[in-house]
Each structure stands twice: as structure tokens, then as C-alpha cells.
Amino acid sequence: MVSLLSWTLPITEKNLTWLSDFQLQGFTNTEDYNICLFFIFLLIYLLTLSGNILIIAVVRSHRHLHTPMYFFITNLSLLEIWYISTTVPKLLSIFVSNDHRVSFQWCFAQLYMFHGLGMTECALLAVMSLDRYMAICNPLRYTTIMNEKMCKQLALLCWAYGFMAATIPLMFTITVPFCGLRHINHYFCDLAPLLSLACGSTSLNTTVNACVIGFATMFNFLLILVMYINIMISIIRMKSNTSRGRAFSTCSSHITVVVLFYTTAFTVYANPKGAHSVDYDKMFALIYAMFTPLLNPVIYSLRNKEVKTALKKVIKNLCANWNNY
């Protein structure tokens, strides 16, 4: 009897441990291309890290870039580094080791970080539009209102808002009873794939999640829209074409980032769910979770003369130091 208990107890504990894990299915029918995909995504990941780190370093090392706009750009670059690091390392390990398991704790930590950073980016993009509104529509009061203290408070508000809002869908999802094999049809732990594994009704969870994420995205999107309507009115009223071009050029990078971010986010979270929507969701999620963080530093460096000038100086200094060695 004792020997029987000693034999069955480890098996039970092992089964409970296995049941506490999830299986990320990732991208189906790509087994023959895993190594190739690994190196492609690894290259994108390294380019994203280096590009955003370079933006932060350039802004911090050039005093003429110590302005509110570039302060928020460095916050955005820091966010993008964290954002892509939330999902891509596990995806890379799946390609190499073919180990699709993810623990219960890590799955919900990933869910929380992903949505916390996503809602923080929504708020940060809205604050950046407010900064452009103040600079163009109220230039005489701009430096007084958008001082260093105000910028830090706005940035802190964005981060606190994003992660506090993300606790609501987290708490409503973590209490859901999961059953079956726990195979998540995605390459990271997201709300919809997780709730599809629930044993009972998830209508309340779906409603609450939609309200929280919908408010976080739409409120900030409408704020951005209102800011740019006022900006466009102010630009049209300018008499000089040079002033109009200069004013619009300071907004063009931010507009491009906003369009890229919201287009992909709306495609995933606002489109009707059809029979083939899961595969499309994976592809669009890959765009805003991986390619948007990659493109942001490129957009801000290529479309901004001050950043390009600072980057050229950094590269020139690096080359000079290399030649000295």
C-alpha cells in the first residue's frame, strides 16, 4: 500500500504541473522553415533593440535635443524595447527548441505586460499629439507649459495609466477555469486565444475586456484626432508657406507612427471574427508587436532633420575613434 502511494503521488503531481502549463501553437505549417524564420526574426529583434537604443543615446547625448518632443520620443523608444522583448524571445525559442510550453505564471505575466505596454503607448501617442498642439497652436506659452516637470508628470501618467488599466482584463481572465489540453492558437498569450480555452461562459469577461481596451484606444485616438484637427486649422491659417512646411514636418513622423499603430491594432481587435480570423490576427499582431517597434526609430530618424544630423555626428565620431585605433 505504501509503495503504491509512493508510486502514484509523483505521477499526480507531475500531471498537475503539466495541466498548469499552456502550449503556444505559434505559426502552423512552418516546421520546414523554422531555422530560416529564427534568423529573420532574430535580425529584426536585434535591429529593433539597436535602433531604439541608438535613438535614446542620441537624444541623451545632444543637449539641443533635450526638448519635450524628444523626451517623449525616448519614452516611446524605451517602451518599444520592452514591448518587443515581451513576445519575441519566446517565439525565437519555439523556432529553435520546438518547446511550445509556457507556464501559467509566465503566460499571464506576458498578457499583462503586452496589454500594459500597448495601452501605455496609446496614452503616450496622445500626449505627443498634445505636445505638438501646444508647440504649433500656442507657441508663446509652449516653453512655460511644457516644462521639464510637466513632461515627466505626463510621461509618468501614461505609464501608470497603461499598467493600471491592464490589471482589469488580467484579473478577469486569470480567474477563468481552463480545461482541455490548453493549446493557445497564437504565438503569445493574448486575451481572445486564452478565453477560447475557458470551460464556462466568458461573456462578462469579453464585455469587460472590450470596454477597457476600447476606452483605452478610442479615448486616446479621439484625443489625437481633436489635437490634429486644431493643428491643421492653425497650419492653414499661417500666411507663410515656409512656416506651414516647418510646422507640418514636426508632426509628420508622429502621424506616421499613429497611423501604423492604430491601423494594425484596430485590424486585430475591432474586426469581425470569421472562420479564418485567427491566422490573420497572428499576422497583424506580428506587425504591431514586431515591425512597429522596428519602424518607429527609422521613421523618427529619416523624417526628422535634427535626429539625422545628430546621428551623422555620432556615426562620424565612431568612425573617427575606430580609425584612431
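This is a short tutorial conversation about the cavities, the sheet and the disulfide of a predicted model.

Trainee: I'd like to start with empty space inside the protein. How many cavities of 30 Å³ or more does a search of the whole structure find?

Mentor: Good place to begin. A cavity is a space where a probe fits but cannot get out. In this predicted model, the search finds 3 cavities of 30 Å³ or more. The largest cavity has a volume of about 80 Å³.

Trainee: Which residues line the largest cavity?

Mentor: Among them are Met69, Ile73, Met128, Asp131, Arg132, Tyr300 and Asn304. Ser249, Thr250, Ser253 and His254 belong to the lining too. Sorted by class, the lining has 4 nonpolar, 5 polar and 2 charged residues.

Trainee: And which helix gives the largest share of that lining?

Mentor: Helix 9 does, with 4 residues. At least two lining residues come from each of helix 3 (68-97), helix 4 (104-137) and helix 9 (241-269). Keep helix 4 in mind, as we will meet it again.

Trainee: Let's turn to the strands. In what order do they form a sheet?

Mentor: To read a sheet, look at which strands pair with which. Here 3 strands form an open sheet in the order 2-1-3, with mixed pairing. Strand 2 (101-103) and strand 3 (183-184) are the edge strands, each pairing on one side only.

Trainee: In what sense do strand 1 and strand 2 pair, parallel or antiparallel?

Mentor: Antiparallel, over 3 bridges, with strand 1 covering residues 21-24. To see one of the contacts on your screen, find Asp21: its bridge partner in strand 2 is Ser103.

Trainee: Where does helix 4 lie relative to these strands?

Mentor: Helix 4 lies across strand 1, strand 2 and strand 3, and runs at about 80° to strand 2.

Trainee: Now the cysteines. Which two form a disulfide?

Mentor: The thing to check is the distance between two cysteine sulfur atoms, which has to be within 2.5 Å. By that rule the count is 1 disulfide. Cys107 and Cys189 form the disulfide, with their sulfur atoms 2.0 Å apart.

Trainee: Why is the disulfide called left-handed?

Mentor: Because the torsion about the S-S bond of Cys107 and Cys189 is about -120°.

Trainee: Which parts does the pair tie together?

Mentor: Cys107 lies in helix 4, while Cys189 is in the loop between strand 3 and helix 7 (191-195), so the pair links parts that are 82 residues apart in sequence.

Terms used:
Residues numbered from 1 in each chain as written. Predicted model: local features only at pLDDT ≥ 70, side-chain atom pairs only at ≥ 80, totals over all residues. Heavy atoms only, no water. 1 Å grid on protein atoms, 1.4 Å probe; cavity = no way out; pocket = protein on both sides within 12 Å on 5 of 7 lines; lining within 4 Å. Points joined across faces, edges and corners; volume = space filled by probe spheres on them. Nonpolar A, V, L, I, M, F, W, Y, C, P; charged D, E, K, R; others polar. Pairing = 2+ DSSP bridges. Contact = heavy atoms within 4.5 Å. Axes fitted to C-alpha atoms, helices over the stretch in contact; angles between N-to-C directions.
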